[in-house]
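Subject: A structure to look through, with notes

Dear colleague,

I am passing on the structure that we talked about, and I would be glad if you kept it open while you read the notes below.

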Amino acid sequence: MISLRLLFAVVLLVVTMGPSVHAVEPSERLADAALEARARGLSKELRCLVCQNQSIDESNADLAHDLRLLLRERLVAGDTDRQVLDYIAARYGVFVLLDPPFAPLTWVLWLTPPVLVLGGGGLLLLRARRRRLEPPVPELSREERARAALLLGDQQ
Amino acid sequence: MLVEIGHFALVLALLVALVQGTIPLVGASVRSRALMDLAQPAALLQFALVALAFAVFMHAHIISDFSVRNVFENSHTAKPLLYKVTGVWGSHEGSMMLWVFMLTLFGGLVAGFGRALPASLRARTLAIQGLLGFGTLLFMIATSNPFDRLFPTPADGRDLNPLLQDPGLAFHPPFLYFGYVGFSITYSFAIAALIGGRVGAQWARWVRPWALSAWCGLTIGIALGSWWAYYVLGWGGWWYWDPVENASFMPWLLGTALLHSAAVVEKRETLQRWTVLLAILTFGMSLIGTFLVRSGVLTSVHSFAVDPARGVFILALIALVVGGGLLLYAFRAPGLETGNPFAPISREGVLVFNNLLLCAGMATVFLGTFYPLFAEVWSGVKLSVGPQFFDATFVPILMPGIIAMVIGPVLAWRRGNLAAALRRLSPALVGAFLAPVVVFLLNHAAPPAALAGVALAVWATLGVLTDLADRSGLARLPLRATWRRLRHLPRGTWGYALAHFGVGVLIAGIVVSTAWRSERIESMHAGDTLAIAGRTLRFVGVTEGDVANYHVERAQILVERPGGAAMTLYPERRWYPVARSQTTNTAITTNGFGDLYLALGDPDGQGGWVLRAYYNPLVPWIWFGAVLAALGGILSLSDRRLRMRLPAARASAAGAIRAGDS
């Protein structure tokens, strides 16, 4: 699977056409440490649209650089985290959000895991309860006995 | 000429596979020993032919025979010999070659070592394995022929993707494929058992070693891949919930469930249907993992299977293998289960509970991986499912499983006593409560999730140790007797202990490295220093040079720590002119408890270079843990009970009949 994993890395290289080490540059940083920490958190939630499955925090593509600056501008302007994400999603589409918001389109995505666990667990409990009520395993019938003899004979 | 022999061997293997996949099946249904016994020589011959083709292909790579298209596209005369060998599986055609080699290897192993198997089960298993081989070989020959010639012969090749020219990645595919393809044999056993209508303790005993070997291979393969991502990608992460990673993780999750439920079938003659279903689905996930991701459905920018013929063939193959298996299951499974009853609180109960969690976890990973595709098809909206989704769903699903994992082995089969089990585990219980308190006292800023993780890690590791102490009678018996008991514990028990302990170590690594990682990213000039995790990094400068098939920029960084010897690290960037691509070569130093991780970034345009420095505490434990788990699997594999031997006539007869063909 290497080739696949690689492929992602390679595609990234090809697409970005830049030098290889990714991520935030010292020159982009905000002076305010608290704001910068929020910016880093947000940049992990935004997809680099021209890369292969990377957040803008890890990408060195020009677009990622621009988005990192944009989100810092919004933070400096006083936006909340949610507002920054909405602002960017409104311009670049929901595809940019790595953490998919809970919306009609993602109901199935978010609800399936808990439904599976709870439903599966419930089913198992029901089964366990029903089983306890079942009578013990019945004796073998005559045909089954005959078949047993045949099979055991076969095995020896 | 040699290349044509390889090509011919591949075609011959296809024909042998067809014979192997049909005649023994007929033989098993008409009970003709002669027809059934054709399966073993056919499986061995198919393996020999594929091995020959593989050797020829490798030879072409080693001697740089650029008249073979695949060699031209993926090799270069200046490439180091190691990567000429491992570059064999660096391309699509080459990895298919490795895949089919593993497939026939497993068939050959069953043919060679499966003498104790009942003739009909062996014949059917090998026949199914033969059909799988037929499908894969047909795919190769029809769409991905590794022996395609090129004329006129180019003077030199295009070189292998530089990212592949790395020791971690060189050995990652063989392990991973050993795991993926190893589950083909449990699939074949399951289908053979469904056709034959018998799944009993004996069947599980035959299947377990294969499932266990495949699982060990997959574990090591995934660990190697993640280690590679860690040191190559240059940002210090080791898992991104990328489709490629998920592709290998899904069969691992199901394989883990399969391993445990097969144990229940062997020990307790229950969960037969469930185990057979898991065997089918595990291999199904292996197929989906390797092929569907590769077919380019998930990523639009895909360089391998750009050819639609490949994609369609792959889909048909998956539909046939998984769909066919499930269809057969639907018809035959109702006759299978004998189902010895058990109480919810029992070892079986806990195993079922963990099976549920592993499967729900797998389904979550599957959903997260494929959801963007579904969503785009039905709504036209492109959306992303990133690591945040998996962290928010998969992690909480698996957490109760870690708690249960410690309790299960302490409970009795059939009906257990939870209170007694917890009493036996009280040292671990106390440890799991105290550890996060201690951590909190030392570091008030510790996030609650990290505290919970610490508790889990301590619970998992101490739990295993407590159980071992208990089994050996420590503190109840004289030390000498304890030691004797400990030495005489079955290897399977040691295997379980090592594997579960490894999981605890792995969790510790994940939790601590995620919560307490430090990062510094700065522009550095010669002479500048940077402080991180109690160390001082002194940037000496950057030198350039040409090595083998690449150009290198190498930074020299002096690492000083109070009371310790200074050392020098050399993070690099490499430029591969033939492949026209750049790679990062991080410099990492570890003391077993934490990694200092350096990556060289771009020049800043003012004579300085961007340096990324990370201190990742306990990160090596992630791989120690995975290796311990795999070693545990290997240790279990060496347990006498799992070696193949003549089937003892057991009380399983009644179960077998109930499930017998009607």
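Before the notes on helices and strands, one definition is needed: the axis of a helix or strand is a line fitted to its C-alpha atoms, for helices over the stretch in contact, and the angle between two axes is taken between their N-to-C directions, from 0 to 180 degrees. With that in mind, please find helix 20 of chain B, residues 619-637, which lies across strand 8, strand 9 and strand 10 of chain B and runs at about 120° to strand 9 of chain B. Please also remember throughout that this is a predicted model.

The strands under that helix belong to an open sheet of 4 strands in chain B, with the order 1-10-9-8 and antiparallel pairing. Its edge strands are strand 1 (518-524) and strand 8 (587-590) of chain B, each of which pairs on one side only. On average, and ignoring direction, neighbouring strands of this sheet are turned by 15° against each other. Within the sheet, strand 9 (residues 594-603) and strand 10 (residues 609-617) of chain B are antiparallel and pair over 8 bridges, and one of the residues to look for is B:Leu600, whose bridge partner in strand 10 of chain B is B:Leu611.

Two hairpins in chain B are also worth tracing. In one of them, strand 2 (residues 529-532) and strand 3 (residues 535-547) of chain B run antiparallel and are joined by 4 bridges, with B:Ile532 having B:Arg535 as its bridge partner. This hairpin has 2 residues between the strands, and B:Ala533 takes a positive phi near 45° there. In the other, 5 bridges join strand 6 (residues 572-576) to strand 7 of chain B, again in antiparallel fashion, and B:Arg574 has B:Thr583 as its bridge partner. Here 4 residues lie between the strands, and B:Arg580 takes a positive phi near 50°. Strand 7 of chain B, residues 581-585, is largely enclosed by the rest of the structure, because 4 of its 5 residues are buried.

On a wider scale, the domain assignment of chain B gives domain 1 (1-160) and domain 2 (519-620), and the C-alpha centres of these two domains of chain B lie 43 Å apart. Contacts between them involve 6 residues of domain 1 of chain B and 5 residues of domain 2 of chain B, and the domain 1 side divides into 2 nonpolar, 1 polar and 3 charged residues.

As for the interior, the largest nonpolar core has 195 residues, of which B:Ala13, B:Leu254, B:Val276, B:Ala460 and B:Ile507 touch the most other members. Helix 9 of chain B, residues 201-232, gives the most to this core, with 20 residues. A second, separate core has 18 residues, including B:Met524, B:Leu537, B:Phe539 and B:Val559. Returning to B:Ile507, and leaving out residues up to four places away in sequence, you will find that it touches B:Ile402, B:Gly453, B:Leu456, B:Ala457 and B:Ala460.

Finally, is B:Leu44 buried, partly exposed or exposed? This residue of helix 3 (residues 39-62) of chain B has 19 other C-beta atoms within 10 Å and is therefore partly exposed, since a buried residue needs 20 or more. Apart from neighbours within four places in sequence, B:Leu44 is in contact with B:Gly108, B:Ala111 and B:Gly112.

With best wishes

Notes. Residues numbered from 1 in each chain as written. Chains lettered and ligands numbered in written order. Predicted model: local features only at pLDDT ≥ 70, side-chain atom pairs only at ≥ 80, totals over all residues. Domains from an automatic or database assignment. Contact = placed C-beta atoms within 7 Å. Nonpolar A, V, L, I, M, F, W, Y, C, P; charged D, E, K, R; others polar. Buried ≥ 20, exposed ≤ 12 C-beta atoms within 10 Å, placed from the backbone. Pairing = 2+ DSSP bridges. Core = buried A, V, L, I, M, F, W, Y, C linked by C-beta atoms within 7 Å.
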